[in-house]
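Trainee: Could we go through this structure together, asking at each step what justifies the words we use for it?

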Amino acid sequence: ERNRGKGEAIKTLLHRAIELGADLIVTLDADGQHDPDEIPKLVAPILRGEADVVVGSRFITSVSAEMPRYRLFGTRVINWLVKRHARVEVKDIQSGFRAFTRNAAEVALKAEAKGYSIEQEQLTLIARAGLRIVEVPINVRYKGLKSSKKTPLLHGTELLAHLIRMIVEQRPLLMLGVPGTLILLAGITSTALLIYHFNTSRYFSIPLAIISVGAFTSGLLLVTTALTLYALTRLTERMKG
C-alpha cells in the first residue's frame, strides 16, 4: 500500500515466491538496467547444481563505459569493505540481478535491511550459512534511465552505515570493546593527573576534570555495550543451534 523501501520490496517478493512453491527465484532491478534475456545465463549454475546463489556481476570482465565514475568508486569501496570484514568473496556486492535457490531465498529473508543495503546483508547471511555463491558476467545499461531518488552521497552513507552496524554486531569486543578500554584508560590516567596536580599545587583544573569525566564515562559506556552485545550474540547463536 506504500513504499517501504527496496529491502522490504525484495523480502516481499522472496516470501511470496516461496509461498507459491518456487524452486528458483530471480531478482532484477526495476529501472531497466538489467537485460531479462540474460536470465538463462544467470540461472545456469543453479540448474547444473553448482551454486545456491548466482550474482550477475558488472566487474568480472570489464566495467561498462556507461557506469558513472562516482558510482564505480563508491561500489568498489563498499565491495572491498564487505569482502574484508564479512568474508564475502563477491566482486559485485551491490548487484540486484540475482538467482536464488529456495533454500538460499529462505536464508536471504532473514535480512533486516529495509533500504539499498539489502544486497550486502543478504550475501553476508548466505555466506555465513555456508551456501555456494557464484558470479557470472552481465551487461548493465545506465544511459537514458531514471536515477535513484536518493543522492549518491545519501545512498553511499546508507550502505556504509549498515555495513558498520553489521561489523559491530559481529565483532563487538573488537569494534567497541578495544576503543572503549583505551578511552577508559585515558580517563583513569587524566583523573590521576588531576588529583596529582591538585595535591601538589592546590589548583583544580576544570578542563582536565571535564576530559576525565567525559573519557571515563564514554569508555565505560563503550565497554559495557560491547560486553552486552557479545553476550546477546552468543546467546542468539546458542538458541539458533
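**From values to terms**

Mentor: In this predicted model, 39% of the 241 residues in the chain are buried. The chain holds 8 helices and 4 strands, and along the sequence they follow the pattern α-β-α-β-α-β-α-α-β-α-α-α. Among contacts between residues at least 6 apart in sequence, 75% join residues at least 24 apart.

Trainee: What makes helix α5 largely enclosed by the rest of the structure?

Mentor: The term rests on a count, since 8 of the 11 residues of α5, which spans residues 118-128, are buried, and the helix is therefore largely enclosed. The buried residues are I118, E119, Q120, E121, Q122, L123, T124 and I126. After α5 comes G130, which has a positive phi, near 80 degrees.

Trainee: Why are α1 and α5 called oblique to each other?

Mentor: The axes of α1 (residues 6-19) and α5 cross at roughly 50 degrees and come within 9 Å. Angles under 35 degrees would count as roughly parallel and those from 65 to 115 as roughly perpendicular; the crossing of α1 and α5 belongs to neither class, and the two helices are therefore oblique. On the α1 side the contact is made by K6, G7, I10, K11 and L14, and on the α5 side by I118, E119 and Q122. By character, the residues of this contact divide into 3 nonpolar, 2 polar and 3 charged.

Trainee: How do you know that β1 and β4 are the edge strands of the sheet?

Mentor: The sheet is open, with 4 strands in the order β1-β3-β2-β4 and mixed pairing. Strands β1 (24-27) and β4 (133-137) each pair on one side only, and that makes them the edges. On average, and with direction ignored, neighbouring strands of this sheet are turned by 20 degrees against each other.

Trainee: What makes β2 and β4 count as paired, and in which sense do they run?

Mentor: Pairing requires at least two bridges between the strands, and β2 (residues 53-57) and β4 have 5 bridges, in the parallel sense. Within this pairing, V55 stands opposite E135 in β4.

Trainee: Which strands do the helices α1 and α5 meet?

Mentor: Helix α1 packs on the sheet and touches β1 and β3 (98-101), its direction making about 155 degrees with that of β1. An angle over 145 degrees counts as roughly antiparallel, and the direction of α1 relative to β1 falls in that class. Helix α5 lies across β2, β3 and β4 and runs at about 35 degrees to β3.

Trainee: Why is T101 called buried?

Mentor: T101 lies in strand β3. Its relative accessibility is 13%, and because buried means under 20%, T101 meets the criterion. Leaving aside neighbours within four places in sequence, T101 is in contact with D23, I46, A51 and D52.

Trainee: How do you know that F198 and F204 form an aromatic pair, and what makes it edge-to-face?

Mentor: The ring centres of F198 and F204 are 6.3 Å apart, which satisfies the requirement that they lie within 6.5 Å. The planes make 85 degrees with each other, and an angle over 60 counts as edge-to-face. The structure holds 1 aromatic pair.

Trainee: Why are F198 and F204 called partly exposed?

Mentor: F198 has a relative accessible area of 32%, and F204 is at 43% relative accessibility. Partly exposed lies between the 20% limit for buried and the 50% limit for exposed, so both residues receive that term.

Methods
Residues are numbered from 1 along each chain as its sequence is written. This is a predicted model: local features need pLDDT of at least 70, side-chain atom pairs count only at pLDDT 80 or more; totals for chains, interfaces and linings use all residues. Side-chain values use heavy atoms; hydrogens and water are left out. Buried means under 20% relative accessible area, exposed over 50%, partly exposed in between (1.4 Å probe, protein chains only). Axes are lines fitted to C-alpha atoms, for helices over the stretch in contact, and angles run from 0 to 180 degrees between N-to-C directions. Contact means heavy atoms within 4.5 Å. Ala, Val, Leu, Ile, Met, Phe, Trp, Tyr, Cys and Pro count as nonpolar, Asp, Glu, Lys and Arg as charged, and the others, Gly among them, as polar. Rings of Phe, Tyr and Trp (its six-membered ring) pair if their centres lie within 6.5 Å; planes under 30 degrees apart count as stacked, over 60 as edge-to-face and the rest as tilted.
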